Amino acid sequence: IEAGCAAVRVNPADPGAMVWDLDQLPLPAWDLLPNERYWTIARPHGGHFTTGMEVRYGSMMTSLGCPFHCAYCHIAGEQEGSIAGPIGKYRIKSDERVLEELEVLKALGTQQVFIEDDSLFGSKKRSLRLLRRIRGEGMQILDVNGVNVIHLLKRWQPDHEVLEALVDAGFTEIVLPFESGNLRIMRKYASNKLNIEKSNIEALIKACKGYGLRIAGNYMLGYPDETLEEIETTVELARRHVGYGLDAANFFLVMPLPGTPLFDMAVANGNLSADFNPDTMNWTKANMVNTVVPPRKLEEIRDNAWETVNPESHRANRRAMVVSATEA
């Protein structure tokens, strides 16, 4: 919807014709979606909802792009000089535009709003101002995609100003991308965006819970040169986080998406099979070969980590979210 911009008459194949002022984009046509059908099925792409809870959700973006250039992310390949051009550059909508979109969603009967920004706090000053203007809108807001951990910290400790602004604006759930328990991996693949040795993550998790936020963590396993010991370190980090109060831990196998630096690395280092087809990549599978830890072992570790690290309440909730034939 966001990209359906015929009204602004751009050529999507020409990076020079990209819309840099996001307020020029037409409002997303949420009213054209089968919202009632979506709400009946009640399976948004994230969030924690109990059985029988009324779910009337919509998704929106307040910004595009990200200041970080992680090797596994498409944004890292969307820079100046690339085929796509610098469309990964961080761009924002005005406060007024965001408030207008929230009003449209509210008028449709939406109760839960998922913020889909790649980096909600790409500009911390702007984001704090926006959150304070959203306060009082009465929406339940969730961000399961783009709140980087470093943006919730100030001098390695919880930034209570940010946490309070999130809660006051209506946020009820956020997902924190911890990525890895290894500094080497963070520095090589994840823009060195979080120093896990200096950051007081225990205090951050407890602060989030103190403000009433439900929080999950994302962890990535299976980089081409990642050792078994490094993977186990990440799993144990997630286990400690759950011990601090994290509600859920999500484990993902690294994917070499075309257009990312990781894909180029995989091609150069023989980590793609001879019959590799990006159209058949599956996020539930280990899609690389010749990794230090073999693909099947990675899937086994991922599955075991999810079962043993997460509380039974979360595992039961996820299983209950499987859509039945009658619901679909």
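Which residues form one aromatic cluster with F49? I looked this up before anything else. The answer is Y57 and F114: together with F49, they make up one aromatic cluster. Note to self: this is a predicted model.

**Aromatic pairs**

I then searched the whole structure for aromatic pairs and got 8. One that I wrote down is F178 with Y219, a stacked pair with 5.6 Å between the centres and 20° between the planes. It counts as stacked because the angle is under 30 degrees. I also checked where the two rings come from: F178 belongs to strand β8 (residues 171-179) and Y219 to strand β9 (residues 214-221). They are 41 residues apart, so I logged this as a pair linking distant parts of the chain.

Buried or exposed, I wondered about F178? F178 is buried, at 2% relative accessible area. Y219 has 0% relative accessibility, so it goes down as buried as well.

**A lysine over a ring**

Next I looked at F68. K193 lies over the face of that ring, 5.8 Å from its centre.

**M139**

Last entry: where does M139 sit? I found M139 in the loop between α3 (124-134) and β5 (140-143). Its relative accessibility is 6%, and since the cut-off for buried is under 20%, M139 counts as buried.

What does M139 touch, leaving aside neighbours within four places in sequence? My list reads L102, K106, T110, Q111, V113, A169 and G170. I also took the C-alpha to C-alpha distance from M139 to E103: 9.9 Å in space, with their positions 36 residues apart in sequence.

Methods: Residues are numbered from 1 along each chain as its sequence is written. This is a predicted model: local features need pLDDT of at least 70, side-chain atom pairs count only at pLDDT 80 or more; totals for chains, interfaces and linings use all residues. Side-chain values use heavy atoms; hydrogens and water are left out. Helices (H or I, at least four residues) and strands (E, at least two) are DSSP runs, numbered from the N terminus. Buried means under 20% relative accessible area, exposed over 50%, partly exposed in between (1.4 Å probe, protein chains only). Contact means heavy atoms within 4.5 Å. Rings of Phe, Tyr and Trp (its six-membered ring) pair if their centres lie within 6.5 Å; planes under 30 degrees apart count as stacked, over 60 as edge-to-face and the rest as tilted. A charge sits over a ring if NZ of Lys or CZ of Arg is within 6 Å of the ring centre and within 35 degrees of the ring normal.
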